[in-house]
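Here are my notes on the model you sent round. Have the coordinates open while you read, as the points go from the whole chain down to single helix contacts.

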Number of protein chains: 2
Amino acid sequence: MSYQITISQSGREKIFQVETGADLLEIINKSDFYLPSYCGGQGICGKCRVLMRPEPEAKDPEREMLSSQEIQVGVRLACLHQVESDLEIEIEEGGEINILTGEEEVSCSLSPGWQQSYLKIEEPELYDQRSYLTRVFEKAGCRSIEPRALDRLEDIVEGKFGPMGKGSDNNSRSKSTQALAAVIQDEKVVDLRSADRPGRLLGAAVDIGTTTLVFYLLDLESGRQLAVDSAYNPQKKFGADVITRVQHTQGNPEGINELRDTLVKALNRGLVDTAAKVGSGTDDIYRLTLAGNTIMLHTLLGKDCEKIARSPFVPLFSEQLSFRPEALSLKLNPGGEVELLPSISGYVGADITADMLATGVGDSPEYQLLIDIGTNGEIALGRNDKIYACSVAAGPSFEGGNISSGMAALPGAVDSFKVFDDDLEYTTIKKEKPRGICGSGLLDLIGGLLEIGIITETGALQQPGSMPEFWQKRYQELEEVKALKLFSEGESQGEREIYLTQKDIRQFQLAKGAIRAGIEILQQEADISKEEIKDVYLVGGFANYLAPEMACRIGMVPEVLSDRIQQAGNGAGAGARMMLLNRKLAEKARELKEKTSYLELSSNMKFQEEFTSQMSF
Amino acid sequence: MSYQITISQSGREKIFQVETGADLLEIINKSDFYLPSYCGGQGICGKCRVLMRPEPEAKDPEREMLSSQEIQVGVRLACLHQVESDLEIEIEEGGEINILTGEEEVSCSLSPGWQQSYLKIEEPELYDQRSYLTRVFEKAGCRSIEPRALDRLEDIVEGKFGPMGKGSDNNSRSKSTQALAAVIQDEKVVDLRSADRPGRLLGAAVDIGTTTLVFYLLDLESGRQLAVDSAYNPQKKFGADVITRVQHTQGNPEGINELRDTLVKALNRGLVDTAAKVGSGTDDIYRLTLAGNTIMLHTLLGKDCEKIARSPFVPLFSEQLSFRPEALSLKLNPGGEVELLPSISGYVGADITADMLATGVGDSPEYQLLIDIGTNGEIALGRNDKIYACSVAAGPSFEGGNISSGMAALPGAVDSFKVFDDDLEYTTIKKEKPRGICGSGLLDLIGGLLEIGIITETGALQQPGSMPEFWQKRYQELEEVKALKLFSEGESQGEREIYLTQKDIRQFQLAKGAIRAGIEILQQEADISKEEIKDVYLVGGFANYLAPEMACRIGMVPEVLSDRIQQAGNGAGAGARMMLLNRKLAEKARELKEKTSYLELSSNMKFQEEFTSQMSF
């Protein structure tokens, strides 16, 4: 028996015919709609909330995870339900993703290797039989041509675009001329048009994040940024983090192709949408640069990632590579080029190379420290002669994962707290009602509670008896786990109850301890003192919202560096854009890769010791 | 009603179901079989002879063109018959084409831009996580890779070829290694294999003639020529000469695609067959160089040729161009390259540039003369600072076209004559029974008859009364045209009657007069005396068989140059092979093109005068 399932999100609606018993989360994930699931559909993380009508009876895990109000209005966890009737499912609006798209323009010299030239070619005569292409090559200073451009030349010569393109200076003595616009890469004519219908010469840079894709569209003639767009990485339906996605490919020969196709489709949609924002098509995009972690770039190429996931963690490729668009099934001008930034290792990806390009780490005679905080924390420490890099498993807590009330930096996320003995102030993204806590909020909250002594140096929540009354009132035990209920329903005006649990604090300690231990190991490897580190760049979405002094307070960054911290925004996107505008940076990116030593920490005893000792505050 | 038509040629047989009334020549031309037709199916040229069973009643033009013996055994002209019953059709064996394939090896330094390198890469370890590609790039000195080679690397890494490829020196202290064979172009890895299964690194050069295709297969590692093959250019079914083929595209939007597809199919078949001769597949071919006249190269790219056919005769392109195989649908390694030699103009093609490369015309401080004789006669005169070139319409008579008993240089063609007052000696190709006269035979015959006075200086056949008795006996009038029946049936032991008619002599005069007039004009343009011409190179199939003194006797080449004539064989094939082996010659070919001035003769009054005066012997 089959039922009709209507799914809607952000005003978009689709209808599916589904057999009895089908898993709801699976149906949603197979669709175009995005619904996160950190626990992989085990009813633990509570992230797959949807509104169902008619509402099915709530199950036990839902009664624990959802508020009574939520259950009453029909909120359920999609992973716990199967199809047993017609259903209307509403997925909460993903909203505008509040990631760092870097609206600011990057600064680097403009030398993309592409140009558009206007050529005035003379019409042939009986005593000037030079071929049409000879005329184009002579004016353009070119020596080769893309087949497609030769097709265009044929069309122009045959007047398929009408009499346009004739030069206007057909006066008495000058020869008859035809004006063309040629898109040129090096000495190659890649595209040709009649000069009165020139096209745009656009380039795109994409930061392929595990969670989000950010698209930048730039004018390669002026270097100006024309549009930015972002989207979820739809590979999320195969797992929130890279390891889960790699697992999807194990013993599943089609798995890697699914990852590839999903990503390629999203990239193409993003390119189409971003180009459309400025009234262009993807045919106007001639150069595309891509940054992303090593596994993202492997999935983009449909290459096996299992070898990255298991020791000795070796990628198939880590080089800067250039491809024709068709080789990757990407939608840009077929004569264009796709350039992948080089990666350092399996867990220090091209996004980190892009970070380095953007921040200048590896350029200076002084040591600089780069920390990219996401699910993994990638850390690089170096100067112009040598760079050391490592990757630590920070876990998803900075991105809202595995935190009871955690959420991504979306509207409604509490992104800052001020903690007092008798009060709690906070702000939310887009000033919406609080719906959860994102990474920077969590950092503020834990740092603040640490300062007023409610969390101890070892990370334990105090017994309620030792708390000020304001906090004592908020103390609860949830399934025998100590917790603070931050907003009681009436108080917050929000629709959700927001907690901080002892488990949340432990998750947070693991993350910050891993990052700090990584910094310590790199510093030891470089054999320098902390004072010799002149700049600290925090990159990644979470890093941009956090309060630098709080990062030092909780010990994630050494205290002595607190006045040297700069928040560098979306470094990967900035580096990819710089590479887009200046192809000479390809050489620099190669050099950065070559002078970076990757340190493997998984079996490094010193790291284990540091990690253990750095868990405390 | 439909009938079964069985067509066979050279032992190959195919069966077609065809509707009543279908044209037989059309059916044959649409098939894979080759049957020439100079007159385009008008029953005039008599070239489309086939053997039919059961034999239909002979029609009037057949009674004139075919011998009674031929009619009796069932020979008919395919163009005159429609399908009215089941038929078995046998097409005369095309035989081995006796064109100049140049079995000799060309001499030039070996620098094709391609190499195969053997790499020993170390297996990764936990503390050496460099990617597999990094290892390959480091050993190979490369910076980029073809997508397909990356696929191969993935396969090798995943052990899809089994445990082979492991280095044999896995002794106690050295690291475990894997041996690979990499095909490299410049700094790009184009292909990768396990070292114990290396492939060949082959290159192919093809001379795309209007009538024939010649394939050369060379080993790019040693420079050795491995195989030669040849085939008819199957575009012949659309017309024997280039102009007829261009006419096929007029008002017929699919025409140019038909020409392209026909040629591409034949090129691919030739590449497959030639590679098979040495036990290889086309995947082993990485570089392909192509010479051919301008219209052939335009049809190869599917580009409109009509602008070449009408004033001001301008080609779309004439440059040296490089393409990926897929752009031209050609079967070689997909990562390989196809290179077109540059043309001079619409009627002085890349075959002439190749001729120049092969003969060295344009290299020397002394003037040299190049004459490529085919349907068109292309002539170049120049030295290292300047070259002049022109094209004259010689007509197909040198190739056996428009000559009553003319035929291509196939087995059975009379390729030399000795003419005496009372005798006629001759030789045939492959010593077969004489079936017709090819160009060199015609030259000998007319030159000989001229010497004994049977043909006058103006080209008229004498009245029979003025002839020696031996020749008087051979005199006939065919449809009021004077003719000599060279072999009476019994005498020749052949199956055909072979004539020379007054019309044949006129055709021949047009051809030789045009070539000589071209030489005169170039000499005037260069403003030199004939004595200043140090070498004369005759190239093209006909040129190689002719007797140089006879070429001077009939006045095609100035008498004063008779001791400076060299027969240079298939110059186009030789030039294409040189370009294949040494990519630096691409630069030289460009220079040759640039220093060559093309002279348009179609409206050149001086040429018209020369032509008229040079028609006489």
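The numbered points below cover chain A as a whole and then some local packing in chain B.

1. A word on conventions: this is a predicted model, in which local features need pLDDT of at least 70, side-chain atom pairs count only at pLDDT 80 or more, and totals for chains, interfaces and linings use all residues. Residues are numbered from 1 along each chain as its sequence is written, while chains are lettered from A and ligands numbered from 1 in the order in which they are written.

2. Chain A is assigned domain 1 (2-91), domain 2 (114-194), domain 3 (202-340), domain 4 (360-395 + 511-614) and domain 5 (397-507); such bounds come from an automatic or database domain assignment. Between the C-alpha centres of domain 2 and domain 4 of chain A there are 51 Å.

3. For overall dimensions, the C-alpha atoms of chain A fill a box of roughly 105 × 70 × 45 Å along the principal axes. The radius of gyration of chain A is 28 Å, which agrees with the value near 25 Å for a compact globule of 617 residues; it is taken over C-alpha atoms, and the globule rule is 2.2 Å times the number of residues to the power 0.38.

4. In chain A, 52% of the 617 residues are buried (20 or more other C-beta atoms within 10 Å of the residue's own, with C-beta atoms placed from the backbone). Contacts (C-beta atoms, placed from the backbone, within 7 Å) tell a related story: of those in chain A between residues at least 6 apart in sequence, 66% join residues at least 24 apart.

5. Chain A has 19 helices and 27 strands, counted as DSSP runs (helices H or I, at least four residues; strands E, at least two) numbered from the N terminus.

6. Turning to chain B, an open mixed sheet has four strands in the order S6-S8-S9-S7, where pairing requires at least two DSSP bridges. At its edges are S6 (114-122) and S7 (144-145) of chain B, each paired on one side only. S7(B) runs parallel to S9 (residues 188-194) of chain B, joined by two bridges; Ile145(B) has Val189(B) as its bridge partner in S9(B).

7. Which residues of H6(B) meet H7(B)? They are Arg245(B), His248(B) and Thr249(B), facing Gly255(B), Ile256(B) and Leu259(B). The axes of H6 (residues 242-249) and H7 (residues 255-277) of chain B come within 6 Å and cross at roughly 130°, with axes fitted to C-alpha atoms over the stretch in contact and angles running from 0 to 180 degrees between N-to-C directions. That makes H6(B) oblique to H7(B): angles under 35 degrees count as roughly parallel, over 145 as roughly antiparallel, 65 to 115 as roughly perpendicular and the rest as oblique.

Definitions and conventions: A residue is buried if 20 or more other C-beta atoms lie within 10 Å of its own, exposed if 12 or fewer, and partly exposed in between; C-beta atoms are placed from the backbone. Two residues are in contact if their C-beta atoms, placed from the backbone, lie within 7 Å.
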